[in-house]
Amino acid sequence: MADQYAQSGEDKRPTDIPAIRWEEPPEGPVLVLLDQTRLPAEEVELVCTDASALVEAIGSLAVRGAPLLGIAGAYGVALAAARGFDVDEAAVALESARPTAVNLSVGVRRASSAYRAELAKGGDPEQGARAALAAARQLHRDDAEASARMAEHGLTLLDELLPGGGHRILTHCNTGSLVSGGEGTAFAVALAAHRIGRLRRLWVDETRPLLQGARLTAYEAARNGMGYTLLTDNAAGSLFAAGEVDAVLIGADRIAADGSVANKVGSYPLAVLARYHHVPFIVVAPVTTVDADTPDGAAIEVEQRPGYEVTEVTAPQVQVSGAGGGIPVAPLGTQAYNPAFDVTPPELVTAIVTEEGVVSPVTAEGLAELCARSRQVTTG
């Protein structure tokens, strides 16, 4: 089988270019993004001078991943404020850019609240802009710290469930430093296991139709010297049947109050496979991904993506001819069903790992208790 063996030597970040950063050139502040649609072929940056440019980048998945979307949303509000645009209008546009990822709205609201609070105290718009930027930077730092703590809690859980090391972990979509202020969520746990010699194999789902696993997770795994193998999504069942998977680790874009988990489409089938084969199915996400206002999975709005993402194939540096900018692979006029996410019910989730600890079994009561503890830590 096609394989990538672990490399010796010191680990390094998947790229020397940060996924997101704030800059203040003479012509005015900007938000600079690593364009994830161009990876792994090339590392290209996008420069956003206003919130509308950021909304477009979010929609095209140039910037993506729940934690990073929260950070981007906060910086987007700060950018609008700093450049004198209507902050409320920018906030509405940013929040609606991707409806399923709750972290996006959390980030937008934190920066907006900081801006409005400064104005309420008698500050001028310039002071409000500084307050919004401070809130965005704090969220960025908080996410980096949360990433490290999630990795620690997740590694402890893996060792409890799978004593002896030699973990063979299956992951879906992309959950590393490309989606985080730190080293990610689920990927950060696998990376921690790798660094202490306990990761035997990282199984990487391609994650169709946009191949975030093939383009991004494999990219991150290779740059970190991890032993990994890429597989098509529909090959996962044969891996389970062969006894080659010890645990499934995924991230989340929204976790409902009852513990239902919305994540990249294809996650729910993995949960079903894991339950049938008695394999732990573990969700790793920051507390900000838990949405107490969404009661259950049925209440989660699932984003529907354009059909051309299914009917066409896109790849960096490849000449394209389709309506969506890709190579057509289906007859002209073909209808496509393309939800960006699916929802896994709590009874199929072995544990939810957050920076504040682990919830297992996954229940509404357990999640509520963890979130209450997190609020106490934040305000204490």
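**Asking why, residue by residue**

Trainee: Why is T294 called buried?
Mentor: This is a predicted model, and in it T294 has a relative accessible area of 8%. Buried means under 20%, so T294 earns the word.

Trainee: Where is T294 found?
Mentor: T294 is in the loop between β11 (290-291) and α10 (308-311).

Trainee: What is T294 in contact with, leaving aside its neighbours within four places in sequence?
Mentor: With those neighbours set aside, T294 touches R254, A256, A257, A299 and I300. They count as contacts because heavy atoms come within 4.5 Å.

Trainee: What makes H278 count as exposed?
Mentor: The word exposed asks for over 50%. H278 comes out at 73% relative accessibility, so the label fits. H278 sits in the loop between α9 (267-276) and β10 (281-284).

Trainee: What is the phi of H278?
Mentor: For H278, phi is positive, about 60°, although the residue is not a glycine. L61 is another non-glycine with a positive phi, about 70°.

Trainee: L61 lies in a loop, but between which helices? And is L61 buried or exposed?
Mentor: That loop runs between α1 (51-59) and α2. As for the second part, L61 has a relative accessible area of 7%. Set against the cut-off of under 20%, that makes L61 buried.

Trainee: Why is A41 called partly exposed?
Mentor: Partly exposed is the range between the buried limit of 20% and the exposed limit of 50%. A41 has a relative accessible area of 42%, so that is where it falls. You'll find A41 in the loop between β2 (30-34) and β3 (45-48).

Trainee: How far apart in space are A41 and T207?
Mentor: Their C-alpha atoms are separated by 18 Å, while along the chain A41 and T207 are 166 residues apart.

Trainee: Now the rings. How do you know that W22 and Y75 form an aromatic pair, and what makes it stacked?
Mentor: Take the two steps in turn. The ring centres of W22 and Y75 are 6.0 Å apart, and pairing needs them within 6.5 Å, so they pair. The planes are 25° apart, and under 30 degrees counts as stacked, so that word applies too. By this rule the count comes to one aromatic pair.

Trainee: Why does the pair tie together parts that are 53 residues apart in sequence?
Mentor: Because W22 belongs to strand β1 (residues 20-23) and Y75 to helix α2 (residues 66-82). W22 has a relative accessible area of 12%, and Y75 is at 4%. Under 20% means buried, so W22 is buried, and so is Y75.

Trainee: What makes you say the charged end of K264 sits over the ring of F341?
Mentor: The distance part of the rule asks for within 6 Å of the ring centre. The charged end of K264 is 4.9 Å from the centre of the F341 ring, and it is listed as sitting over that ring.

Trainee: How are two packed helices described?
Mentor: By the angle between their axes and the distance between the axes. Helix α5 (residues 125-161) and helix α6 (residues 186-195) pack at about 65°, and their axes are 8 Å apart. The crossing of α5 past α6 is right-handed.

Trainee: Which residues in α5 meet which in α6?
Mentor: On the α5 side they are S147, M150, A151, G154, L155 and L158. On the α6 side they are A188, V189, A192 and A193. Sorted by type, this contact has eight nonpolar residues, two polar and no charged.

Trainee: Helix α5 also has D143. Why is D143 called buried?
Mentor: D143 has a relative accessible area of 8%, and buried means under 20%, so the name holds. Leaving aside neighbours within four places in sequence, D143 is in contact with P67, I71, S180, G181 and G182.

Trainee: What kind of peptide bond joins R208 and P209?
Mentor: A cis one, with omega about 10°. P209 is in the loop between β5 (199-205) and α7 (212-223). S360 and P361 are also joined by a cis peptide bond, with omega about 0°. The place of P361 is the loop between β16 (357-359) and α11 (364-379).

Key: Residues are numbered from 1 along each chain as its sequence is written. This is a predicted model: local features need pLDDT of at least 70, side-chain atom pairs count only at pLDDT 80 or more; totals for chains, interfaces and linings use all residues. Side-chain values use heavy atoms; hydrogens and water are left out. Axes are lines fitted to C-alpha atoms, for helices over the stretch in contact, and angles run from 0 to 180 degrees between N-to-C directions. Helices (H or I, at least four residues) and strands (E, at least two) are DSSP runs, numbered from the N terminus. A crossing is left-handed if the near helix is turned anticlockwise from the far one by less than a right angle, and right-handed if clockwise. Ala, Val, Leu, Ile, Met, Phe, Trp, Tyr, Cys and Pro count as nonpolar, Asp, Glu, Lys and Arg as charged, and the others, Gly among them, as polar. Rings of Phe, Tyr and Trp (its six-membered ring) pair if their centres lie within 6.5 Å; planes under 30 degrees apart count as stacked, over 60 as edge-to-face and the rest as tilted. Buried means under 20% relative accessible area, exposed over 50%, partly exposed in between (1.4 Å probe, protein chains only). A charge sits over a ring if NZ of Lys or CZ of Arg is within 6 Å of the ring centre and within 35 degrees of the ring normal.
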